[in-house]
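Visitor: Could we take a close look at a single part of this protein? I'd like to start from one residue and work outwards.

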Amino acid sequence: MGAYNVVLIPGDGIGPEVTQAACRVIAATGVPVDWEVVEVGTKALEAHGDPLPPEAVERIRECGVALKGPVTTPVGAGFPSVNVALRKRLDLYVNLRPVRSIPGVPGSRDSVDLVIIRENTEGLYVEIEREPRAGVVEAVRRITAGASLRIARFAFMYAAHNGRRSVTAVHKANILKKSDGLFLDCARRVAAEYPTIAYRERIVDAACLDLVLDPHRHDVLLCPNLYGDIISDLAAGLVGGLGLVPAANLGDGVAVFEAVHGSAPDIAGKGVANPTALILAGAMLLAHLGEAEAGRAIEAAVIRVYRKGKVLTPDLGGTSTTEGFVEAVIAALGWA
Ligand code: ATP
């Protein structure tokens, strides 16, 4: 069998360390992958004067699958988010974030099993801000029926195919009556086509409270862009932190797998980042390629390492390096 062609975007900060970790674990499964390295972010800015060169986007589109490290977004002044621009240019309209507890992870709640489905192309991320007069800034938050319907369709289809019991639309339609009202209308229309899946609605602040008090109250959370972003970090906190949660950005014919976390510049280059999120994103990527068994083997190996509890990176109170964790996961692949 020939090797799979997959784009590898190392990214910034801890990106190169955690993507390298995921590539090593994927290689250890025996699934042959030819990685084509594509730089975006700071390195592309230095080399081409553009943090997201059009050729980079084209390579990902042509290849159809990518594993991506986090890319730093400057706060305030500086270039707009490359992560957001990539999602928009490739029309990666779904951000799928499964949040599951791994037994043995310090600080994790027991048996959390949530799926966050975040609309990935609009909302506040249209990044339109205007200053009608000095001292007043307005941000546009665009919600369209087209984008809301397609993300709702994905959420219900995902729920139906994966044996999930409910979909909860997260909103703030008490305040944002028109925009979140439209998001809810679309969700209701799609919900009516899936009578076997329970449909609920929850105001975003109440949804946050539910998740902290009892994460088992929810199953699939269908979110407009910003609420999905915030709830993802909250949910990551329920299962031990940002180092643990993978994500898939999905469009028609193209998929980009990454971690929920950012580039963590405070620990970059120290060799201590937790690579679990990127390794689990690698498992999702393998399933997407049709190598579901290898994907499950990676998940099982990660679970075995945490269950043993001996190899933990500093974010979880341990002393292991990124490298040490990767070696433990590769060794655990062989325990099956
Ligand atoms: P960005 O601007 O790229 O979003 P950030 O530092 O603002 O970066 P994150 O990188 O998402 O935001 O994470 C915040 C903090 O959480 C990091 O500074 C780091 O201390 C910790 N963190 C995030 N990911 C990891 C990881 N994989 N391993 C260990 N710690 C992590």
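Visitor: Where is the place of Thr-19?

Guide: Thr-19 sits in helix α1, which covers residues 15-29. Helices here are DSSP runs of H or I with at least four residues, strands are runs of E with at least two, and both are numbered from the N terminus. Before we go on, you should know that this is a predicted model, where local features need pLDDT of at least 70, side-chain atom pairs count only at pLDDT 80 or more, and totals for chains, interfaces and linings use all residues. Residues are numbered from 1 along each chain as its sequence is written, and side-chain values use heavy atoms, leaving out hydrogens and water.

Back to our residue. Thr-19 has 1% relative accessibility, so it counts as buried. (Buried is under 20% relative accessible area, exposed is over 50%, and partly exposed is in between, using a 1.4 Å probe and protein chains only.) A polar atom of its side chain lies 3.3 Å from the backbone oxygen of Pro-16. Skipping neighbours within four places in sequence, Thr-19 is in contact (heavy atoms within 4.5 Å) with Leu-8, Ile-9, Pro-10, Leu-67, Lys-68, Gly-69 and Leu-278.

One of those partners, Leu-67, takes us to the largest nonpolar core. A core like this is a set of buried Ala, Val, Leu, Ile, Met, Phe, Trp, Tyr and Cys residues joined through side-chain atoms within 4.5 Å. The largest one has 73 residues, and those with the most contacts inside it include Leu-67, Phe-257 and Ile-298. Helix α9 (residues 276-288) gives the largest share, 9 residues. Both domain 1 (1-95 + 240-336) and domain 2 (113-238) give residues to this core, so it lies between them; the domain bounds come from an automatic or database domain assignment. In soluble globular proteins, nonpolar side chains tend to be buried together.

Now pick out Ile-298: beyond four places in sequence, it is in contact with Val-25, Ile-26, Thr-29, Ile-279, Ala-283, Leu-286 and Leu-333. There's also a second, separate core of 20 residues, with Ala-247 among them.

Ala-247 belongs to strand β11. In β11 (residues 246-250), 5 of the 5 residues are buried, so the strand is largely enclosed by the rest of the structure. Pro-246, Ala-248 and Leu-250 point one way, while Ala-247 and Asn-249 point the other. In a regular strand the side chains alternate between the two faces of the sheet.

What about neighbouring strands? Strands pair if DSSP finds at least two bridges between them. β11 pairs antiparallel with β4 (residues 94-100) over 3 bridges, and Asn-249 is the bridge partner of Asn-95. With β12 (residues 255-259), β11 is joined antiparallel by 5 bridges. β11 and β12 form a hairpin with 4 residues between them, and Gly-253 in the turn has a positive phi of about 80°.

Finally, zoom out. The protein has 11 helices and 12 strands, and 54% of its 336 residues are buried. Its C-alpha trace spans about 55 × 50 × 40 Å along the principal axes.

Conventions
Polar contact = N/O pair within 3.5 Å; in protein donor to acceptor, adjacent residues only side chain to side chain.
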